[in-house]
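The following paragraphs offer a guided reading of one protein model, moving from its overall make-up to selected side chains. Please keep the sequence and the three-dimensional view at hand.

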Amino acid sequence: MENVRAYGAGLAGANFDKNTFFKKPTVLFRCAALVFGLILWYSVSKGGWHKPSEGIHPVCLYGRSSSTCSFATAVGFFAVCGAAGLIVLDAKMDQISSIPTRRRAVLADLVVSAIFTGIFLIGFFTFWSKLSSFETDEDDENPIKTNNAKFGILSALLSFLAWGGAAFFAWRRYEEGNQATHEPNYDEQFGQVSSDVQEGYGYGGDSSGIGHVGAAPTQQSSYQSGAPPQTMQQPPANPYTQSEGYGY
């Protein structure tokens, strides 16, 4: 099983094809997650705050909670770093010859993608509810600009979809990799030959066929008089050895 294209990676040492690489669904979702994370980071850090006319410090548009704005910018920053790191990891997968190492890489991809999916889902509802509850003071004369804050909410929703798609394809790649590496080989399935074939001639008859050592010289029994021949089953075709990988 060393040459099986397990866990979405091709054979070790394969040349990197950027055209094929950037058409993979996982790579497309990660690139989208990187862009949306960057938009969230910029939108909240630049437009998620409001400066009151008589105040000294700006207040967060998300429910006047500075920790919420800090959380949004931090999540956007780490989402960019995480997406970029997973893209680089996926680009290096074809150079990894160890199947257990590939398995750990795909599992790490699945865990990170699932974590960010949950974070952005929670963040989307949190940002939405806190922005709708924001109220200004009666003596505040500065206009409130919520466009960037709303754009940050939209970025959180799109980031949730992007990371969710990446997590789904990472799970598919992990499951198919397990199926490929645990598929029994030919010896395990067909190494045990039936006793009739081992004791006879491979024709499915008994041990009294033509050429039997213990048979009398005048005995002219044929292998056709024995039991019906047993048909050997063909080994199942491995769908992973002749493919270009999973495309994930």
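The secondary structure of this protein amounts to seven helices and two strands. Along the sequence, these elements follow the order α-α-β-β-α-α-α-α-α. The coordinates belong to a predicted model, and the description below should be read in that light.

Some totals help to set the scene. The protein has 248 residues, of which 35% are buried. The exposed area is about 14,700 Å², and carbon and sulfur atoms supply 58% of that area. Of the contacts between residues at least 6 apart in sequence, 79% join residues at least 24 apart.

The database record adds a further layer. In an unreviewed entry, UniProt lists residues 27–44, 71–89, 110–131 and 151–171 under "transmembrane region". Two of these spans may be compared with the model. Residues 71–89 are 100% helix and 0% strand, with the C-alpha atoms at the two ends 26 Å apart. Residues 151–171 are likewise 100% helix and 0% strand, and here the end C-alpha atoms lie 30 Å apart.

Charged side chains provide the next point of entry. Side chains of opposite charge can pair when their charged atoms come close. How many salt bridges does a search of the whole structure find? The search returns five. One of them joins the side chains of arginine 30 and aspartate 90, with an N to O distance of 3.3 Å. This pair links distant parts of the chain, since arginine 30 belongs to helix 2 (residues 25–47) and aspartate 90 to helix 3 (residues 66–92), 60 residues apart. Both arginine 30 and aspartate 90 are buried.

Arginine 30 also meets the side chain of aspartate 109 in a salt bridge, at 2.1 Å from N to O. Again the pair links distant parts of the chain: aspartate 109 lies in helix 4 and arginine 30 in helix 2, 79 residues apart. Aspartate 109 is buried, as is arginine 30. Which residues are linked in a network of salt bridges? The network consists of Arg30, Asp90, Asp109 and Arg173.

A further salt bridge connects glutamate 176 with arginine 172, where the closest N and O atoms are 3.4 Å apart. Both residues lie in helix 5 (residues 147–181), four residues apart, or about one turn of the helix. Is glutamate 176 buried or exposed? Glutamate 176 counts as buried because its relative accessible area is 17%, and the cut-off for a buried residue is under 20%. Arginine 172 has a relative accessibility of 28% and therefore counts as partly exposed.

Attention now turns to a polar residue of helix 2, serine 43. Its relative accessibility is 4%, so serine 43 counts as buried. A polar atom of the serine 43 side chain lies 2.7 Å from the backbone oxygen of isoleucine 39. Leaving aside residues up to four places away in sequence, serine 43 touches Gly48, Asn148, Phe151 and Gly152.

Isoleucine 115 offers another view of the fold. This residue is located in helix 4 (residues 99–132). Because its relative accessibility is 47%, isoleucine 115 counts as partly exposed. Isoleucine 115 and alanine 167 are 52 residues apart in sequence, while their C-alpha atoms are 9.1 Å apart in space.

Aromatic rings complete the tour. The model contains 12 aromatic pairs. Among them, phenylalanine 77 and phenylalanine 78 form an edge-to-face pair, 5.4 Å from centre to centre and with 70 degrees between the planes. Phenylalanine 77 has a relative accessible area of 35% and so is partly exposed. Phenylalanine 168 and phenylalanine 169 also form an edge-to-face pair, with 5.3 Å between the centres and 75 degrees between the planes. Phenylalanine 168 counts as partly exposed because its relative accessibility is 40%, whereas phenylalanine 169, with a relative accessible area of 18%, is buried. Phe168 and Phe169 belong, together with Phe29 and Trp171, to one aromatic cluster.

Key: Residues are numbered from 1 along each chain as its sequence is written. This is a predicted model: local features need pLDDT of at least 70, side-chain atom pairs count only at pLDDT 80 or more; totals for chains, interfaces and linings use all residues. Side-chain values use heavy atoms; hydrogens and water are left out. UniProt positions are given in the numbering used here, feature names are shortened, and annotations may be inferred rather than shown by experiment. Buried means under 20% relative accessible area, exposed over 50%, partly exposed in between (1.4 Å probe, protein chains only). A salt bridge is a side-chain nitrogen of Lys or Arg within 4 Å of a carboxyl oxygen of Asp or Glu. A polar contact is a pair of N or O atoms within 3.5 Å; within protein, one must be able to donate a hydrogen and the other to accept it, and residues adjacent in sequence count only if both atoms are side-chain atoms. Contact means heavy atoms within 4.5 Å. Accessible areas come from the Shrake-Rupley method with a 1.4 Å probe; for residues, only the protein chains shown count as cover. Rings of Phe, Tyr and Trp (its six-membered ring) pair if their centres lie within 6.5 Å; planes under 30 degrees apart count as stacked, over 60 as edge-to-face and the rest as tilted.
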